[in-house]
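Trainee: Could you take me through one part of this model up close? I'd like to follow a single residue outward into whatever surrounds it.

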Amino acid sequence: MRKQAWLSFFMVFLLSFGMLLPASAEQKLNYVEPGTKVEMEGKFSFTVPENMVYLNKEDTIKMEQQTGDIPTNDEIGSVLPIEENQDWALFMEYVDSGHISDDEQNEIDADALLQSYKDGTEEANKQRKPEEQFHVVGWNVKPAYNAATHELEYSMLLETESKEKFLNYKLQILTRTGHVSFILVTDQANLEKDKATLRSSILKNFVVKEGHRYTDFDAKTDKVAEYGLTGLILGGLGLAAAKKLGFLALILAFAKKGWILIVVAIGAIGGLVKKLLGKKNKAAQNESDEDRPSA
């Protein structure tokens, strides 16, 4: 899994039993309201959609820490739904990897990638207790690249020892100097609906500024990434790393966002949103009461 696999799984079980960080350890989170335009990295802008709130980089990291996830420090923000019947979370990350060539767009071997994930996961399971193990079921969404929009999407379906299935859906947009990842945390039943929300409401309001788009690449001046689309799917590890470590070892390092961890934490994230909005509404109500004339 990510930096410290055993720590991630330890946190999973704490979260599973509702053992979140004590209230005294929680840090205040500030959210940005719908309709607000925010700037990111000087390269992107985002207008917060209706019925959603946005957390900036710092508050996204705080939220991850409060829900037991391990930040990557590539975060540029997160989007959370306000509506009660919505149960998803969207994390945005940007990696200044250098320009990623899409030359291998027709050579992505989904079967080979899947087998490498399966082999690596089972190898990692040898270091875990039986109840802490998880297994790769298959691609929920096979890797696919859209050359017109420079978008790469994929989603892997996994399951715990108790056969509970979970997934993260990832949409990555290539830019002049790197890539933006939209990591949608949801469940299999709601994936298509939540993917539609991602495209119609979130991507629609996310802008890669002129001069930073994929087509703005200047081969004379711009840095080029050491990996292509396959390396990006493997977590941003290039061919040099693949040759040195082998595909079996790559799985131990890939796990962007921790496939299992953040899925289990979705309930905790929803609780934080309700807590945030509850405080906001309570404060607004208090202000309204103060303005109301006394009888």
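Mentor: Let's start with lysine 163, which is exposed, with a relative accessible area of 55%. Keep in mind that this is a predicted model. Lysine 163 sits in the turn of a hairpin formed by β7 and β8, with four residues between the two strands, and its phi is positive, at about 70°. Its side chain meets that of glutamate 159 in a salt bridge, at 3.3 Å from N to O. As a rule, side chains of opposite charge can pair when their charged atoms come close. Glutamate 159 counts as buried, at 11% relative accessibility, whereas lysine 163 is exposed.

Now look at the strands on either side of that turn. β7 covers residues 151–160, and it runs antiparallel to β8, with nine bridges joining the two. If you want a pair to click on, leucine 152 stands opposite glutamine 172 in β8. β8 itself spans residues 165–174, and nine of its ten residues are buried, so the strand is largely enclosed by the rest of the structure. For a residue to be called buried here, its relative accessible area has to be under 20%.

β8 has a partner further along the chain, too. Strand β9, residues 179–186, is joined to β8 by eight bridges, and again the strands run antiparallel. Here leucine 174 stands opposite histidine 179 in β9. The connection is another hairpin, with four residues leading from β8 to β9.

That loop between β8 and β9 is where you'll find arginine 176. Aspartate 222 forms a salt bridge with arginine 176, and the closest N and O atoms are 2.7 Å apart. This pair links distant parts of the chain, since aspartate 222 lies in the loop between β10 and α5, 46 residues away from arginine 176. Aspartate 222 is buried, with a relative accessible area of 15%.

From β9 you can step across to β5, as seven bridges join these two strands, which run antiparallel. Phenylalanine 91 has isoleucine 183 in β9 as its bridge partner. Strand β5 runs over residues 89–95, and six of its seven residues are buried, so β5 is also largely enclosed by the rest of the structure. β5 is joined to strand β4, residues 75–81, as well: four bridges hold that antiparallel pairing. In it, glutamate 75 stands opposite glutamate 93 in β5.

Back to charges for a moment. A search of the whole structure finds six salt bridges, and besides the ones we've met, another is between glutamate 39 and lysine 209, with the closest N and O atoms 2.4 Å apart. Glutamate 39 is in strand β1 and lysine 209 is in the loop between β10 and α5, so this pair ties together parts that are 170 residues apart in sequence. Both ends count as partly exposed, with glutamate 39 at 46% relative accessibility and lysine 209 at 28%.

One last stop on the surface: Asp119, Glu122, Glu131 and Glu161 gather there in a patch of negative charge. Of these, glutamate 131 is found in the loop between α3 and β6, and it counts as partly exposed at 49% relative accessibility.

Terms used
Residues numbered from 1 in each chain as written. Predicted model: local features only at pLDDT ≥ 70, side-chain atom pairs only at ≥ 80, totals over all residues. Heavy atoms only, no water. Buried < 20%, exposed > 50% of the residue type's maximum accessible area, 1.4 Å probe, protein only. Pairing = 2+ DSSP bridges. Patch = residues over 30% accessible without salt bridge, like charges linked within 9 Å, V, L, I, M, F, W, Y side chains within 5 Å. Areas by Shrake-Rupley, 256 points an atom, 1.4 Å probe, with all protein chains shown as cover. Salt bridge = Lys/Arg side-chain N within 4 Å of Asp/Glu carboxyl O. Lys, Arg positive; Asp, Glu negative; His and termini not counted. Charge placed at Lys NZ, Arg CZ, Asp CG, Glu CD.
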